[in-house]
Amino acid sequence: MILSQSPQFARDLRAGEEGAVDALLRAAFGGEEEVQLAHKLRKSRAMAGEVVLPMDDRIIGYYALSTFVKPKGWLCLAPVAIHPDLQRRGYGKRMMGMLTEWARLTQTPVVVLGNPEFYEKAGFSREKAAKLQTRYPIENTMLAGVDAAVPAQQLVYPAAFDGL
């Protein structure tokens, strides 16, 4: 993939761009699991928002936020992708930094399961998530949008995550 411009501003996904997001997720993850997750989140109406990073009339970055079943008002970040040809250039960190700043300003808890080395640089915290109870590895669970560690909370993910 050869691109001539810098990325534009991250923005909400527009109708008709779902296929481009599917292609990006396939390229970034090498399979269908994340594509199917995005489809299930949309279909079940658990999707709270989808953000894309456009460049040269292509979508090179994406993230999805879905609503937890419990705790109410909390958001789950997944999937997140930057096109493989454009990784390690700071685009993903910039997108995540904008998200964590929004979460901080609005005091909206956002949970992510992923690589702490990447997500902690963007503003997520394992320490703040330490008392969360989750079916996923707690050492890879991070939290943004809160000022201090939170008390014990059971995370109940949307049904779209079942089987992952």
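**Sheet, cores and salt bridges**

In the predicted model, residue D12 stands opposite V51 of strand β2. This position belongs to the pairing between β1 and β2 (residues 47-55), which runs in the antiparallel sense over 2 bridges. The two strands are part of an open sheet of 6 strands, in which the order is β1-β2-β3-β4-β5-β7 and the pairing is mixed. The edges of this sheet are formed by β1 (11-12) and β7 (141-144), each of which pairs on one side only.

At the other edge, β7 is joined to β5 (residues 110-113) in the antiparallel sense, with 4 bridges between the two strands, and V110 is found opposite A144 of β7. In a regular strand, side chains alternate between the two faces of the sheet. In β7 both faces are covered, since T141 and L143 on one side are buried, as are M142 and A144 on the other.

Nonpolar side chains in soluble globular proteins tend to be buried together. In the present model the largest nonpolar core comprises 30 residues, of which Y62, W74, V111, Y157 and F161 touch the most other members. At least two residues of this core are supplied by each of α1 (18-29), α2 (33-43), β2, β3 (58-67) and β4 (75-82), and the largest share, 4 residues, comes from α2. Another core, of 23 residues, lies apart from the largest one and includes I60, L75, L77 and M142; the last of these, M142, is one of the buried residues of the edge strand β7. Within the largest core, the surroundings of Y157 can be described in more detail: when residues up to four places away in sequence are not counted, Y157 touches F68, V69, C76, V111, T134, R135 and Y136. Of these partners, V111 is itself named among the core members that touch the most others.

The axes of helices α1 and α2 come within 8 Å and cross at roughly 145°. The contact brings together E18, V21, D22, L25, R26 and F29 of α1 with E34, V35, A38, H39 and R42 of α2. By character, the residues of this contact divide into 5 nonpolar, 1 polar and 5 charged.

Across the whole structure, 6 salt bridges are found. One of them joins the side chains of R11 and E17, with an N to O distance of 2.7 Å, and both R11 and E17 are buried. A second example links E32 to R26, the closest N and O atoms being 2.4 Å apart; here E32 is partly exposed, with a relative accessible area of 37%, and R26 is likewise partly exposed, at 35%. R26 is also among the α1 residues that meet α2.

A further salt bridge is formed between R104 and E101, whose closest N and O atoms are 2.6 Å apart. Because the two residues are 3 positions apart in helix α3 (residues 91-106), R104 and E101 are separated by about one helical turn. R104 counts as partly exposed, at 41% relative accessibility, and E101 is also in this class, at 34%. These partly exposed residues may be set beside the pair R11 and E17, in which each partner is buried.

Technical notes:
Residues numbered from 1 in each chain as written. Predicted model: local features only at pLDDT ≥ 70, side-chain atom pairs only at ≥ 80, totals over all residues. Heavy atoms only, no water. Pairing = 2+ DSSP bridges. Core = buried A, V, L, I, M, F, W, Y, C linked by side-chain atoms within 4.5 Å. Buried < 20%, exposed > 50% of the residue type's maximum accessible area, 1.4 Å probe, protein only. Contact = heavy atoms within 4.5 Å. Salt bridge = Lys/Arg side-chain N within 4 Å of Asp/Glu carboxyl O. Axes fitted to C-alpha atoms, helices over the stretch in contact; angles between N-to-C directions. Nonpolar A, V, L, I, M, F, W, Y, C, P; charged D, E, K, R; others polar.
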